Amino acid sequence: MAKITYREALNQAMCNEMERDDRVFLMGEEVAEYNGAYKVSQGMLDKFGPKRVIDTPITELGFAGLGVGAAMAGLRPIIEFMTWNFAILAADQIVNAAAKMKYMTAGQYNCPMVFRGAGGAAARVSSQHSQAFENWYANIPGLKVVMPSNPADAKGLLAASIRDNDTVIFIENEINYGDIAEVPEGEYIIPLGKADIKRVGKDITLVAHSRMTGYALAAAEELAKMGIDAEVVDPRTIRPLDEATILASVAKTNRAVVIEEGWRFAGIGAEISARIMEKGFDDLDAPVARVTGKDVPMPYAANLENHALPSVADIVEAARVTCNRA
Amino acid sequence: MTGTKTQEQAVGLTQEGRFYSAERLHAMHGMMLYIRRFEEKAGQMYGLKKIGGFCHLCNGQEAVCVGMEEASEPTDYMMTSYRDHGHIIARGTNPTAVMAELLGRAGGVVGGKGGSMHMFDVEKNFAGGNGIVGEQVPIGLGFAFASQYRDDKRVSITIMGDGGVNQGAVYESFNMAALWKLPVVFVIENNQYAMGTSLSRASAETHLYKRGISFKVPGIQVDGMDVLEVERKMGEAIEHARSGQGPIIVEMMTYRYRGHSMSDPATYRTRDEVDEWRTGRDPIARLQKQMIEAGLATEAEFKQKDKDIKKEIVAVAKAAEAQPEPDLSVLWDDILTDEIPNAYPYPRQVG
């Protein structure tokens, strides 16, 4: 297995799928001649030509809608948003068109397509460019929401998302693009709706997705030094959620902390902790704790930004308290 | 306009150099009249509370529906806003299924999932029926993109109203369509009012066919109360798009006789204004007059035809009403294509 970056893994998934299926095309701002704002589509214009790798004007609503229409007409669009912050402009097409088209037409039309791009907090770009939106899309029937936390998952999940016959919201993490790890070569598919246990442990379950998975793994190392053996579960697909894997872990550890970068109120952690309460209440030895971003728009100053985001120390502290350790 | 009874090959009439056979004229007239009577019936059913929610009728705009359909190929794509009954009927969808949809019945075009605003028929290449003003415009662009991608020469007929044309998505679409020379005809049904707001109160440039100038999208204005002019000009516009010259805007000057929706008494318009359009420019009366003058039909024949159509519509409404409501089990149908059985929310169940 070769060691490649998260962005190269995404690139491989797109290239493989485009080689396999000529209905697949990539469209977005700066995806072609500039090779991608975050270089995810590096080299794809050369490989596939301007018919299938298409630069757009800065017109998110328009090209998102174009993707919806193209999908309804039988193509398999990958629509890249430079970041998910800009996708708010396109929310009508995602929420009112793509998500509902199959239902509203009683199955006559569907939208097999991927909306993808960078999400979560970036570094030092203030409030409009640093936010988590997975809970917005995860609330909507008709959408699937996928968030890889490492390069191998990025490749396998994106390939599966492109092959999926529904609309997939694929949220990458800007900070993770340069992460390097081993990634299987050639065709590699990770089924949607399957969580992954990133670290086996017996004392407490840490549920974390996207960039927070790395934080949870780092926290687990700290916790090990205190004699707490943490299990880290990465849902990978946010909607629909593989809660069985989470519940099985909690049944073993009897304690859980749910971690997310986004805001606390009505966040992903609220849903996951509610499910643990509904279905795993008897397994719990302590209330489920949540570690989230603070309930503020993201500030610019380095110290304020740092303070607004969840930290490894926050996770360690929440786990320690949940385990009732001094 | 000249009567051409004497023309060798067929009986019909010629307008602006274009010949229409008597058979075709009768078909166009019949479809306009059918839509008119269908909408009247829908209005009546709404009054009886048999149709719920929003219901937008197109009485007065029939020439636009029928002329466009006459000019297009069945393989061309068409999509519009929520004022969609006339368009889908003109496309050839079974009217009983349209009425059943209005009534929320199992045999509705979308099985009772959409209602008045969401009529779709994939077999007829009719992609809605879209409820958010202007939403269908980028979607129409996507169909045109697919046509160019596959090089199958299909044209996307993307319809909006004089209200929809003020949405930003429309200009994003004009720009991309022109940039990439996509085969799309942007049709603006200018019925003069966006809900209760007259064109001049909402648009700085009221000549809507000029709205593409900054994007190098040519535009033409058409008398949308003249079905033959609609057919002729729309044919030219479709040919423009099909031949690879890119998008074109067609502004159809028309008028809706009824309010914006069933709950709108339309008090923002004067009686004189409505009468001027209704009695002076009515598209059905106009074609009837042309056909009578050309000796292709008589007043009595039209009266009989109207009676027959009204009877047909009564039968359609009856058949639609006799259908059962959708089975409760379909509540869970058609949300996802690839359901994931072991992940939450679990398919087909609560919690």
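The following exchange considers two contact regions in a predicted model.

Biologist: Which two residues have side chains that meet in a salt bridge at 2.5 Å, N to O?

Modeller: Chain A is divided into domain 1 (2-183) and domain 2 (196-322), and the count between these two domains of chain A is two salt bridges. A salt bridge here requires a side-chain nitrogen of Lys or Arg within 4 Å of a carboxyl oxygen of Asp or Glu. The pair at 2.5 Å, N to O, is Lys198(A) and Asp153(A).

Biologist: How much area is buried between domain 1 of chain A and domain 2 of chain A?

Modeller: The centres of the two domains of chain A, taken over C-alpha atoms, are separated by 26 Å, and their contact takes 32 residues from domain 1 and 26 residues from domain 2. Carbon and sulfur atoms give 52% of the area buried between these domains, and that area is about 2,200 Å².

Biologist: How many salt bridges does the rule find across the interface of chain B and chain A?

Modeller: In this interface 45 residues of chain B are in contact with 56 residues of chain A, and 23 residue pairs are in polar contact, both at pLDDT 80 or more. The side of chain B that touches chain A includes eight charged residues, yet the number of salt bridges found across the interface is zero.

Biologist: Which element gives the largest share of the side of chain B that touches chain A?

Modeller: Among the elements of chain B that each supply at least two residues of this side are β5 (126-129), α5 (136-150) and α6 (168-179). The largest share, nine residues, comes from α5(B).

Notes: Residues numbered from 1 in each chain as written. Chains lettered and ligands numbered in written order. Predicted model: local features only at pLDDT ≥ 70, side-chain atom pairs only at ≥ 80, totals over all residues. Heavy atoms only, no water. Domains from an automatic or database assignment. Contact = heavy atoms within 4.5 Å. Buried area = accessible area lost by both parts, 1.4 Å probe. Polar contact = N/O pair within 3.5 Å; in protein donor to acceptor, adjacent residues only side chain to side chain. Helix = DSSP H or I, 4+ residues; strand = E, 2+ residues; numbered from the N terminus. Nonpolar A, V, L, I, M, F, W, Y, C, P; charged D, E, K, R; others polar.
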